[in-house]
Structure formats: structure tokens, C-alpha cells
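Hi everyone, thanks for coming. I'd like to walk you through a structure that may be new to you, so please have a look at it first.

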Amino acid sequence: MTVVSVSMPEELLERIDGFAAEHGYTGRSEVVREASRNLLGEFEDAKLEDRELMAVVTVLFDYETTSVEERMMRLRHEHEGLVASNFHNHVGSRYCMELFVLEGRLEDISAFVGKIRATKDTLTVDYSVTPVDEFGGDAVAEATDDDGEHGHGGHGHGHAEE
């Protein structure tokens, strides 16, 4: 197996080590491998390819980090054809939430979510994806996960730290 060196904040490393210990992983490498597989597989759902989709993307960041808000505004403008709606809200005394409603294809939504995840200083990135090209019973049944939730969702809490 190839050894890879990755830079990350000490706090994240401590969280990974704690997670590994709490959940019976053999170590941080196993946690990072599984997280990587999950991240790469999030947008590989064949049921969603070549379909019209709606996605809701929620981003949380510290309000003092103006670079995140500026980046969200740039992304909104760069992806006008994809972003159907955008909402900004203050959460608590120090956080901002940016909510995007997207309409488009899986590859475009995936690229948009990837750009948000790569934005330094975001705290969380959550999203859900739902097919909207057909609302008949079969389409809804196909888009329903085993746990009964609709669509395909994922949570991104990792961000590019450089």
C-alpha cells in the first residue's frame, strides 16, 4: 500500500484519532481510507446520472470570515444556470448560514459542492440531492434510500486546509 502524507489541523487529527478509538478502527489510516471512499462514492449513484436533479446545499461559517461569504457570492454568480435560489441567514451570535437551491445535472451539482468544500474556513457543508425529472411513484421509490429518506445526501465536514 502506498504511504501518503497529508497536512491537517491538529484539532482534526485529534478528532480522527478519537473517532478511530471509539468505533474500533485500527488507526487513523483506516478512518481516512473509509472517508475517502465515501467522499468519492457520494456522486457515483447511477440512479442519479443523466437526470434532472434538485439539490439543497447548506454552508455554515463564522461571520468574521468574510472571505467565505465573498467566495459564496462568487460561486453563486459563476453558476447562475445552476443556482435556482440562494439564502443567507445569521445563526446565533457568530455564524452565518448560506443555503443554495440548485437545479441541474449530477456532474454540475458535484462540481459546485466540491468548490464549496474546498473553500477554506467553512465549518460544515451539508447537502441533499433529489431527482425532479419525474414525480411518479416509480421515480420516488427509486430515489428513496433504504432508510426511507428521499434522494441522495451526504455531509461534508472536511475542508481544504492549506
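**A short tour, helix by helix and strand by strand**

Let me begin at a single glycine: G24, just after helix α1, takes a positive phi of about 80°. Before going on, please keep in mind that this is a predicted model.

Now to α1 itself. With 14 residues at 1.5 Å a residue, α1 should span 20 Å, and its end C-alpha atoms are indeed 20 Å apart, which agrees. Which residues of α1 are buried? They are L13, I16 and A20. Looking down the axis of α1, these buried residues fall within an arc of 60°, so they line one face of the helix. Turn to the other side of α1 and you find E11, R15, A21 and E22, which are exposed.

Helix α1 also brings us to a pocket, the second largest one, with a volume of about 430 Å³. Two elements give two or more residues to its lining: α1 (10-23) and α2 (28-41). Which of them gives the most? That is α2, with 5 residues. In total, 13 residues line this pocket, and V4, V6, R28, S29 and V32 lie nearest its centre. Sorted by class, the lining has 8 nonpolar, 3 polar and 2 charged residues.

Next, the strands. Let's put β3, residues 95-104, in the middle of our picture. Of its 10 residues, 7 are buried, so β3 is largely enclosed by the rest of the structure. Strand β1, residues 53-62, runs antiparallel to β3 and is joined to it by 10 bridges; in this pairing, D62 stands opposite Y95 of β3. Strand β2, residues 83-91, is antiparallel to β3 as well, with 8 bridges between the two. Here H88 stands opposite E98 in β3. β2 and β3 form a hairpin with 3 residues between them, and in that turn we meet another glycine, G92, with a positive phi of about 65°.

My last stop is helix α4, residues 106-117. Its 12 residues reach 16 Å from the first C-alpha to the last, close to the 16 Å expected at 1.5 Å a residue. Where do the buried residues of α4 sit around the axis? The residues in question are L106, I109, F112, V113, I116 and R117. They cover an arc of only 140° around the axis, which puts them on the same side of α4.

That's my tour. Thanks for listening, and I'm happy to go back to any part of it.

Definitions and conventions. Residues are numbered from 1 along each chain as its sequence is written. This is a predicted model: local features need pLDDT of at least 70, side-chain atom pairs count only at pLDDT 80 or more; totals for chains, interfaces and linings use all residues. Side-chain values use heavy atoms; hydrogens and water are left out. Buried means under 20% relative accessible area, exposed over 50%, partly exposed in between (1.4 Å probe, protein chains only). Helices (H or I, at least four residues) and strands (E, at least two) are DSSP runs, numbered from the N terminus. Two strands pair if DSSP finds at least two bridges between them. On a 1 Å grid over the protein atoms alone, a cavity is a set of points where a 1.4 Å probe fits but cannot get out, and a pocket is an open set with protein on both sides within 12 Å along at least five of seven lines; lining residues have an atom within 4 Å of a point. Grid points are joined across faces, edges and corners, and a volume is the space filled by probe spheres set on the points. Ala, Val, Leu, Ile, Met, Phe, Trp, Tyr, Cys and Pro count as nonpolar, Asp, Glu, Lys and Arg as charged, and the others, Gly among them, as polar. The expected span of a helix is 1.5 Å times one less than its number of residues. The arc is that of the directions from the helix axis to the C-beta atoms.
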